[in-house]
Structures are given as C-alpha cells and as structure tokens.
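Trainee: I'm new to this one. Please take a close look with me at the pockets and tell me how they are lined.

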Amino acid sequence: MEIYIVRTEDTIDTIAQQFGISPWKLAEDNQIPYPYALAVGQALLILYDTDATGTYPLVANGYAYPFINQVVLEETLPYLTEISVFSYGFTTEGDLVFPQIEDTKILNGAAQFGVAPILTLTPFDEHGNFNNNYISILVNNSQVSDRLLNQLLMVMGDKGYAGLDIDFEYILPEDRVAFAEFVTKARILMNENGYSVSVALAPKIAADQPGLLYEGKDYALLGEAANSVLLMTYEWGYTYGPPMAVAPLPNVRRVVEYAVTEIPVEKIDLGIPNYGYDWPLPFERGVTAAKTIGNREAVEIAIAYGAEILYDETAQSPYFYYTDEYGTDHEVWFEDVRSMLSKFNLIKEYNLRGCGYWQLMKLFRANWLLLNHEFEIL
C-alpha cells in the first residue's frame with residue numbers, strides 16, 4: 001500500500017504505470033470517474049492487491065440514516081463490524097419514537113453481511129433538536145426510564161438489534177450523575193438480555209471542562225457505566241464556525257490522552273468524520289454558513305475549479321481555496337487517505353477498541369480499503 005500525491009503532469013495512466021497496477025483498478029479504488037480528471041495535490045490510495053495485511057482486532061462502526069442509498073450501504077457494510085441506525089427517540093412519558101423511515105433496509109443489509117445493527121437513541125424534540133429537558137425527565141424519573149427501556153427491549157428483540165447506543169447531547173450539569181446512573185441501569189438490563197450498550201461522549205480534554213456540551217458528560221462515570229464509548233472527535237470545523245479542519249489531529253490526540261486516563265482503552269472508539277465543509281469567504285461569525293460536502297465531492301470541486309489541494313501537516317488534513325463562477329471565494333477542509341491514516345495510527349498507538357464514523361451516507365471507498373488494509377476487517 002502507498003499513498004501518492006498527484007503532480008501537475010500526472011494522468012491516471014502514468015500513475016498506474018509507475019506503480020505497475022491497472023488504471024482501471026486505480027480509478028475504481030479512488031472513485032475517479034471518466035474522463036479520469038485529477039486535482040494537483042490529490043491523495044490517491046495505491047493498493048497492489050486487495051489482501052489485508054493488518055492483524056489489529058478493530059471494532060468498526062458507523063452511523064447511518066434509514067434512507068441511506070442502497071449501493072452505498074452494500075459497498076460499506078463489508079468493512080464494518082457494527083452499524084448504528086440513526087435514530088430512535090422518546091417522549092417525556094417514556095414512549096419510544098420510531099424513525100420516520102423504516103429501518104428495514106439497514107437491518108436486512110446488516111444481516112446479509114454479518115454486521116451487528118445498533119439502535120441509536122437520541123433525545124430529539126418535535127423540531128428535531130437535542131432537548132435536555134427530555135433527558136432530565138428520563139434520567140430523574142424511574143417510571144419513565146423503566147417504560148422506555150422495556151419498550152427498547154421489545155423492539156430490539158423483534159427487529160434483531162444487537163445493541164443500544166445512547167447518543168445524548170447538551171446534558172444539564174446537574175444531571176451528570178443521574179445520566180451516568182441511567183446508562184448503568186440500561187447496561188445492566190440490556191446485558192442481561194444479550195445486548196451491548198455504548199454511549200457517545202463529547203470531546204473533553206479535562207474533567208472540569210466548562211460548556212454545556214461537556215459538563216453533563218462524566219468520562220469516568222460513563223466509562224464505568226457503558227460497555228463501550230465513542231469519542232465524538234470531530235466538529236472543530238463546523239457549519240457556523242470559522243474555516244478549519246473538522247478533526248485536527250492535535251485536538252483529537254488531546255481528547256484521547258485525557259480519555260485513556262478515565263476509561264479503559266478496550267472500551268474506547270475513536271470518532272472519525274466522513275465529510276468536509278465548504279466555507280464562503282470572508283467568514284463572518286453569525287452570518288457565514290459552511291456547506292457540508294462528501295470527501296469525494298471535495299476533490300470534484302477542486303478539479304472543477306482548477307484548485308490545488310494543500311495539506312496541513314499539523315492538523316493532518318487537506319484543504320484548498322477556489323473562486324466560484326459568481327466571484328465568491330471559498331475555503332474547503334475535508335478528509336483524504338492521508339488524514340484517515342493519521343487517525344488509524346492514533347487508534348493503534350493507544351490500543352483503542354475501534355472507531356465510529358459520522359456518518360456513512362456518502363461513499364468514500366479509498367477510506368474503507370485503507371481501513372481494511374490497516375486492520376484486516378474482511
């Protein structure tokens with residue numbers, strides 16, 4: 001396996017010839033459509049064969065909405081050990097709320113490929129927003145939590161789910177202990193019935209880190225309460241923030257360094273972004289909104305506007321600038337095989353349990369091939 005950075009004079013044929021591989025394989029592995037245009041600075045995965053070389057026993061998970069494209073689902077599932085359906089909700093009375101679109105497609109696909117389906121539970125209100133009042137009622141009222149957990153058990157049994165993922169955000173600081181106790185209660189009940197329980201954690205770097213995202217998430221308590229945790233190590237670059245890498249490696253590393261002091265490494269999954277952002281410039285806080293794009297889409301934008309893809313060695317992330325047809329300048333940050341490899345190396349360095357992708361809706365084939373090469377998923 002090698003990673004090759006495209007130069008000005010390169011074509012798909014010359015690169016393939018250089019490495020002694022078929023240009024069709026090079027195009028297929030890297031999702032390069034006809035007429036096989038390339039961007040200067042583009043990172044290409046060079047695989048000499050499809051055999052995996054790694055021996056690391058990785059747990060590979062990813063979140064998917066029920067409306068995921070069938071082709072994307074079928075191409076992605078062979079590289080996963082788990083897939084998390086996003087998402088189920090609940091009422092303040094403790095009644096389970098089903099996704100608006102049936103989750104049958106994902107469940108059937110998971111069964112076909114031997115992947116464990118995970119039911120994701122979120123406290124979304126009627127506007128589709130995380131609502132910490134829903135969380136407060138649930139974790140402080142045993143009748144409500146009992147009702148919800150019993151309904152979850154029935155649905156998970158009926159549909160063939162293998163586990164429960166508790167993805168709650170903006171937990172009130174005063175509910176910190178009660179939330180951990182709810183996760184413990186859920187884990188005991190689910191484990192007794194053969195199901196696992198995971199919990200998603202905001203990316204903290206200290207126990208007393210201020211902010212509504214962090215204060216209600218106690219790493220030590222939740223690491224003990226759940227079977228596994230997902231560090232949501234992404235969204236430093238986000239829709240309404242200034243242009244920057246979505247998951248800069250130094251930031252990700254700091255979260256991992258803190259997490260391993262509070263949680264056993266064999267319980268920790270590293271969050272990995274499967275997307276990027278395109279910001280119009282100049283950035284004005286409160287006004288500018290970045291567009292979410294797929295990683296392959298980012299390369300296509302660079303090709304369309306003749307932009308050179310650069311690489312930030314500190315953030316370990318690719319980026320570029322371009323000017324659109326209306327004269328608006330743009331800054332784009334995304335992920336490529338170089339940035340993914342840096343995250344995979346972090347998993348190995350700290351002997352983490354695995355990784356969890358947000359999210360699987362757009363295919364990034366080279367990532368999955370690289371993941372398999374590094375960790376022998378197949």
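Mentor: Happy to! A pocket here is an open set of grid points where a 1.4 Å probe fits, with protein on both sides within 12 Å along at least five of seven lines, and a residue lines the pocket if it has an atom within 4 Å of a point. Keep in mind that this is a predicted model.

Start with the largest pocket, which has a volume of about 980 Å³. Its lining is made up of 31 residues, and those nearest the centre are Glu 169, Tyr 170, Tyr 234, Glu 235 and Tyr 238. Sorted by class, the lining has 22 nonpolar, 5 polar and 4 charged residues. Helix 9, residues 249-262, gives the largest share of that lining, with 3 residues.

Now move to the second largest pocket, with about 410 Å³ of space. Here 19 residues form the lining, and Ser 87, Phe 98, Pro 99, Gln 100 and Phe 124 lie nearest the centre. By class they divide into 12 nonpolar, 5 polar and 2 charged. Strand 4 supplies the largest share of this lining, 5 residues.

Strand 4 (82-90) leads us on to helix 5, because the buried residues of helix 5 pack against strand 4, as well as against helix 6 (142-159) and helix 7 (176-192). Those buried residues are Asn 132, Tyr 134, Ile 135, Ser 136, Leu 138 and Val 139. In an α-helix, residues three or four places apart point the same way, because there are 3.6 residues a turn. At the start of helix 5, a side-chain oxygen of Asn 131 comes within 2.8 Å of the backbone nitrogen of Asn 133.

How values were computed
Residues are numbered from 1 along each chain as its sequence is written. This is a predicted model: local features need pLDDT of at least 70, side-chain atom pairs count only at pLDDT 80 or more; totals for chains, interfaces and linings use all residues. Side-chain values use heavy atoms; hydrogens and water are left out. Buried means under 20% relative accessible area, exposed over 50%, partly exposed in between (1.4 Å probe, protein chains only). Helices (H or I, at least four residues) and strands (E, at least two) are DSSP runs, numbered from the N terminus. Contact means heavy atoms within 4.5 Å. A polar contact is a pair of N or O atoms within 3.5 Å; within protein, one must be able to donate a hydrogen and the other to accept it, and residues adjacent in sequence count only if both atoms are side-chain atoms. On a 1 Å grid over the protein atoms alone, a cavity is a set of points where a 1.4 Å probe fits but cannot get out, and a pocket is an open set with protein on both sides within 12 Å along at least five of seven lines; lining residues have an atom within 4 Å of a point. Grid points are joined across faces, edges and corners, and a volume is the space filled by probe spheres set on the points. Ala, Val, Leu, Ile, Met, Phe, Trp, Tyr, Cys and Pro count as nonpolar, Asp, Glu, Lys and Arg as charged, and the others, Gly among them, as polar.
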